[in-house]
Amino acid sequence: DDVAGEWRAYVSNFSTAGDTLRGRAPGGVNVAWSKDCPLHGLSVMKAKSLGLEGMNEDPDGYWDETARKWRLLVSKFTSKGIRAAMLESEAWDGPFRPLAGPVAEDSTGTTLAFVDGTLRALAGSASRRFVVYSYPMLEKVGELPVAGPPWEVSASRNGRSWPAYLERDGGRRLLLTFDRVNFPGMPKPNWTYGGLYLYE
């Protein structure tokens with residue numbers, strides 16, 4: 001955050017329930033901050049729970065200059081499974097309130113990215129699709145056309161992947177994702193991420 005002069009992050013709090021490193025803290029998402037750049041070497045950032053309602057993960061935050069609000073795209077745990085949802089707040093560290101969603105499709109790896117110059121919300125799906133939604137209201141507008149999705153899918157909901165998408169000058173588009181292939185003898189159930197794949 002250039003205005004605040006501070007590095008800020010939204011992170012899944014998979015191991016902040018206590019010193020035992022088991023379980024999840026309420027809400028599922030932490031905020032973290034530091035005056036020092038965390039991009040090189042070992043860094044320590046201060047952190048606290050964002051205090052979200054229910055359980056959430058895969059946060060992606062964005063300052064919306066037009067709306068003058070912080071927007072947070074999350075994968076929200078619902079009675080129908082994990083679904084993309086959009087939250088908003090006047091402050092970067094909350095409190096956040098619901099704005100849109102949860103969507104109808106299974107979702108994880110929720111990511112905000114510019115697609116053809118328009119900000120979109122992206123999500124992986126257990127159906128081997130990368131779904132594209134409008135920003136900020138999460139209306140389904142299509143899917144990323146990926147030739148041969150690499151990740152394995154079974155009856156398990158853990159078959160989802162993550163759409164790390166980037167557009168470059170000259171019309172070049174890059175997608176970094178992963179498969180879910182396990183090494184031999186890996187006990188199940190598990191959430192192994194397997195190998196990385198770069199699409200162009």
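Buried means under 20% relative accessible area, exposed means over 50%, and partly exposed is everything in between. Keep those words in hand as you look through the close-up views below, which come from a predicted model.

**View 1. Y62 and Y135 form an edge-to-face aromatic pair.**
At 28% relative accessibility, Y62 falls between the two limits and therefore counts as partly exposed. Y135, with a relative accessible area of 16%, is buried. The ring centres of Y62 and Y135 are 5.7 Å apart, with 85° between the planes. This pair links distant parts of the chain: Y62 sits in strand β4 (residues 56–64), while Y135 belongs to the loop between β10 (130–134) and β11 (140–143), 73 residues apart. While you are here, look at the peptide bond from Y135 to P136, which is cis, with omega near 5°. P136 is found in the loop between β10 and β11.

**View 2. W33 and W92 meet edge-to-face.**
A search of the whole structure finds 5 aromatic pairs. In the pair of W33 and W92, the ring centres are 6.4 Å apart and the planes stand at 80°, so this pair is edge-to-face. Again, distant parts of the chain are linked: W33 comes from strand β2 (residues 29–34) and W92 from the loop between β6 and β7, 59 residues apart. W33 is partly exposed, with a relative accessible area of 23%, whereas W92 is buried at 10%. Step back a little to find the cluster: Y10, W33, W92 and F96 form one aromatic group.

**View 3. G94 lies in the loop between β6 (81–89) and β7 (97–100).**
Is G94 buried or exposed? Its relative accessibility is 13%, so G94 counts as buried. Leaving aside neighbours within four places in sequence, G94 is in contact with L50 and S89. For a sense of scale, G94 and L72 are 22 residues apart in sequence, and their C-alpha atoms are 9.8 Å apart in space.

**View 4. K48 and D93 are joined by a salt bridge.**
Side chains of opposite charge can pair when their charged atoms come close. The side chains of K48 and D93 meet at 3.2 Å, N to O. K48 lies in strand β3 (residues 46–49) and D93 in the loop between β6 and β7, so this salt bridge ties together parts that are 45 residues apart in sequence. K48 is partly exposed, with a relative accessible area of 38%, and D93 is partly exposed too, at 25%. How many salt bridges does a search of the whole structure find? The search finds 16.

**View 5. R71 and E88 make a salt bridge between two strands.**
The distance between these side chains is 2.9 Å, N to O. R71 is in strand β5 and E88 in strand β6, 17 residues apart. R71 is buried, with a relative accessible area of 8%, and E88 is buried at 9%. Widen the view and a network of salt bridges appears, linking D64, K69, R71, E88, E90 and R97.

**View 6. S75 is a buried residue of strand β5 (residues 69–78).**
The relative accessible area of S75 is 0%. The side chain of S75 makes a polar contact with the side chain of T110, at 3.1 Å. Not counting residues up to four places away in sequence, S75 touches several others, including M55, D58, I82, R83 and G109. One of these, R83, takes part in a salt bridge with D106 (4.0 Å, N to O). R83 lies in strand β6 and D106 in the loop between β7 and β8, so the pair ties together parts that are 23 residues apart in sequence. R83 counts as buried at 11% relative accessibility, and D106 counts as buried at 17%.

**View 7. D116 has a positive phi, near 55°, in a residue other than glycine.**
D116 is found in the loop between β8 and β9 (118–124). At 55% relative accessibility, D116 counts as exposed. R68, in the loop between β4 and β5, also has a positive phi, of about 55°, although R68 is not a glycine.

**View 8. L176, L196 and L198 make a nonpolar surface patch.**
The patch covers about 340 Å². L176 is found in strand β13 (residues 173–178) and counts as partly exposed, at 39% relative accessibility.

Definitions and conventions:
Residues numbered from 1 in each chain as written. Predicted model: local features only at pLDDT ≥ 70, side-chain atom pairs only at ≥ 80, totals over all residues. Heavy atoms only, no water. Patch = residues over 30% accessible without salt bridge, like charges linked within 9 Å, V, L, I, M, F, W, Y side chains within 5 Å. Areas by Shrake-Rupley, 256 points an atom, 1.4 Å probe, with all protein chains shown as cover. Helix = DSSP H or I, 4+ residues; strand = E, 2+ residues; numbered from the N terminus. Buried < 20%, exposed > 50% of the residue type's maximum accessible area, 1.4 Å probe, protein only. Contact = heavy atoms within 4.5 Å. Polar contact = N/O pair within 3.5 Å; in protein donor to acceptor, adjacent residues only side chain to side chain. Phe/Tyr/Trp six-rings, centres within 6.5 Å; stacked < 30°, edge-to-face > 60°.
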